[in-house]
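Thanks for making the time this morning. I would like to walk through one chain with you, first its overall build and then a couple of backbone details.

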Amino acid sequence: MEEKELNNEKMNTEEPNYIIRSMEITDYSRVKELWLSIKGFCIRSLDDSKDGVERFLNRNPGLSCVCELKGEIVGAILCGHDGRRGCLYHVCVRKENRMHGIGKAMVSFCMKGLQKEGINKVSLIAFSTNDIGNAFWHEIGWTKREDLNYYDFVLNEKNIFTFNQIQ
Ligand SMILES: CC(C)(COP(=O)(O)OP(=O)(O)OC[C@H]1O[C@@H](n2cnc3c(N)ncnc32)[C@H](O)[C@@H]1OP(=O)(O)O)[C@@H](O)C(=O)NCCC(=O)NCCS
């Protein structure tokens with residue numbers, strides 16, 4: 001099968017000033033602030049620390065992205081791959097800026113980056129209770145797998161996770 005052609009996602013013209021660009025480690029504090037504002041997000045003490053994110057960005061140069069509006073970061077995705085499968089983490093758009101096509105355009109940015117690196121498939125985990133996230137992935141055409149179980153194993157107990165408790 002041929003490589004899938006990805007649409008050039010247009011930004012909603014109501015907000016023509018959005019810029020989507022690769023995430024740099026200098027964005028970290030603003031991206032972390034955004035993560036902390038997202039209800040239900042699971043933040044990991046080691047993986048989501050500055051060192052953890054820097055390691056991830058260095059392993060996957062240019063693939064993660066942020067969306068900026070008037071100098072503020074209103075969206076972000078961590079994107080990487082292991083040489084075979086792409087993965088997305090912490091896909092988010094600031095609440096006030098949702099439903100303007102930003103999420104979709106950022107996902108498209110990441111998928112194009114993965115395609116350039118010869119990656120043929122990309123996946124992510126969404127909590128089954130995350131109605132917004134699941135509706136989004138469904139709307140933008142991703143396949144929900146019903147035929148597999150997700151397994152993991154904790155390698156470092158110090159990587160403590162907390163869920164954002166925002167109303
Ligand atoms: C999920 C999220 C990133 C979507 O960002 P967004 O910028 O609002 O999404 P977009 O505007 O690009 O929407 C793309 C499509 O999904 C649809 N969509 C987005 N959110 C939706 C929702 N809550 N319910 C139904 N459809 C939704 C849009 O209508 C649009 O459909 P279209 O392409 O047919 O017009 C954002 O809601 C968010 O940050 N949520 C909290 C964090 C989260 O749950 N992340 C996902 C973790 S798995």
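**Overall build and two positive phi values**

Let me start with a residue inside the fold: His-90 counts as buried, because 22 C-beta neighbours lie inside 10 Å of it, and the cut-off for that label is 20 or more. Please keep in mind throughout that what you see is a predicted model.

Stepping back to the whole chain, there are 4 helices and 7 strands, and, read along the sequence, they follow the pattern β-α-β-α-β-β-β-α-β-α-β. The C-alpha atoms fill a box of roughly 45 × 40 × 30 Å along the principal axes, and the radius of gyration is 16 Å, which agrees with the value near 15 Å that a compact globule of 167 residues would have. Of those 167 residues, 22% count as buried. If we take the contacts between residues at least 6 apart in sequence, 68% of them join residues at least 24 apart.

Now to the backbone details. Most residues other than glycine have a negative phi. Where, then, is the phi of a residue other than glycine positive, near 50°? One such residue is His-90, with a phi near 50°, and it is found in strand β5, residues 85–93.

Lys-70, which is not a glycine either, has a positive phi of about 50°, but its place is in the loop between β3 (65–69) and β4 (72–81). Is Lys-70 buried or exposed? Lys-70 counts as exposed, because it has 9 C-beta neighbours inside 10 Å, and the label applies at 12 or fewer.

How values were computed
Residues are numbered from 1 along each chain as its sequence is written. This is a predicted model: local features need pLDDT of at least 70, side-chain atom pairs count only at pLDDT 80 or more; totals for chains, interfaces and linings use all residues. Helices (H or I, at least four residues) and strands (E, at least two) are DSSP runs, numbered from the N terminus. The radius of gyration is taken over C-alpha atoms; the globule rule is 2.2 Å times the number of residues to the power 0.38. Two residues are in contact if their C-beta atoms, placed from the backbone, lie within 7 Å.
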